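Visitor: Please show the structure, and let us then examine it by question and answer.

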Amino acid sequence: MSHDPYPPPHRTPPSHPASPPHRTPPPPRYAASPPYRTPPPQPPQPPHLTYPWQPASAPPPPAPAPRRQPQHAPLGHHSDLRVLRTAYRWQRRVATLTALGYFLVFLVLSACAPSVMTARVADGLPAGLLLALAQLPVTLLAIAVYELTARRHVDPLARRIRHQAEVDARREARR
């Protein structure tokens, strides 16, 4: 005969009080509510530790030493970066709109004005083919404009911000 290590739980039938012979009326609608019981006071909980090897009574970490305020504000401000981002954004827009704008004009003419695209410009050379071949020089022009505006406007701003960051780093290293 085997012994069951987990016997079924023993249940006793619940004892119910005898039901009253008549039903009790409900309490009045606006009667004072019975006082609520307050829960028993909880014992103080130990502090939650991040690491299990920390002692329960670890002293708080020391406050960091107050940093000296710089005598003058750092040179590289957020406004400099904003100016650089704006210049770069305009540079991208001009170059992109130049190349894509020309291509869009070519597509619109192809779809909406096929008579313009099939018109002969020279002996055997339709205008559509001429406009398609002109797309390569327009794209090269967009690249040249991009390079030119980068050299004139964006690169000097980036150089100035980089130089100011180096000056700030040297000042901070001396402290």
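The exchange below treats the chain, its salt bridges and selected residues.

Visitor: In what order do the elements of the chain run from the N terminus on?
Guide: The model is a predicted one. The secondary structure of its chain comes to 4 helices and 2 strands. Read from the N terminus, the order of these elements is α-α-β-β-α-α.

Visitor: What percentage of the residues in the chain is buried?
Guide: A residue counts as buried when its relative accessible area is under 20%. The accessible surface of the chain comes to about 16100 Å², with 65% of that surface belonging to carbon and sulfur atoms. Of the 175 residues in the chain, the buried share is 13%.

Visitor: What share of the contacts with a separation of 6 or more comes from residues 24 or more positions apart?
Guide: Contact here requires heavy atoms within 4.5 Å. Among contacts in the chain with a separation of 6 or more, those between residues 24 or more positions apart account for 68%.

Visitor: How many residues apart in sequence are the parts that the pair D80 and R160 ties together?
Guide: D80 and R160 form a salt bridge, with 3.6 Å between the closest N and O atoms. D80 belongs to helix α1 (residues 78-112) and R160 to helix α4, so the pair ties together parts whose separation in sequence is 80 residues.

Visitor: Is D80 buried or exposed?
Guide: Its salt-bridge partner R160 has a relative accessibility of 39% and counts as partly exposed. For D80 the relative accessible area is 13%. Because the limit for burial is under 20%, D80 is classed as buried.

Visitor: Which residue forms a salt bridge with E147?
Guide: E147 is partly exposed, at 38% relative accessibility. Its partner stands 4 residues apart from E147 in helix α4, a separation of about one helical turn. That partner counts as exposed, at 56% relative accessibility. The closest N and O atoms of the pair are 3.8 Å apart, and the partner is R151.

Visitor: How far apart are the closest N and O atoms of R171 and D168?
Guide: R171 and D168 both lie in helix α4, 3 residues apart, which is about one turn of the helix. R171 is partly exposed at 22% relative accessible area, whereas D168 is buried at 16%. Their closest N and O atoms, in a salt bridge, are separated by 3.9 Å.

Visitor: Over the ring of which residue does the charged end of R93 sit?
Guide: A search for aromatic pairs finds 0 in the structure. The charged end of R93 does sit over a ring, 5.6 Å from the ring centre, and that ring belongs to W90.

Visitor: How far apart in space are M117 and L131, C-alpha to C-alpha?
Guide: M117 has its place in helix α2 (residues 114-118) and counts as buried at 9% relative accessibility. Neighbours within four places in sequence aside, M117 is in contact with F106, L109, S110, P126, A127, G128 and L131. M117 and L131 are 14 residues apart in sequence, and their C-alpha to C-alpha distance is 8.4 Å.

Visitor: What accessible area do L136, L140 and I143 have together?
Guide: L136 lies in helix α4 (residues 135-174) and is exposed, with a relative accessible area of 57%. With L140 and I143, L136 forms a nonpolar patch on the surface, and the accessible area of the three together is about 310 Å².

How values were computed: Residues numbered from 1 in each chain as written. Predicted model: local features only at pLDDT ≥ 70, side-chain atom pairs only at ≥ 80, totals over all residues. Heavy atoms only, no water. Patch = residues over 30% accessible without salt bridge, like charges linked within 9 Å, V, L, I, M, F, W, Y side chains within 5 Å. Areas by Shrake-Rupley, 256 points an atom, 1.4 Å probe, with all protein chains shown as cover. Salt bridge = Lys/Arg side-chain N within 4 Å of Asp/Glu carboxyl O. Buried < 20%, exposed > 50% of the residue type's maximum accessible area, 1.4 Å probe, protein only. Phe/Tyr/Trp six-rings, centres within 6.5 Å; stacked < 30°, edge-to-face > 60°. Lys NZ or Arg CZ within 6 Å of the ring centre and 35° of its normal.
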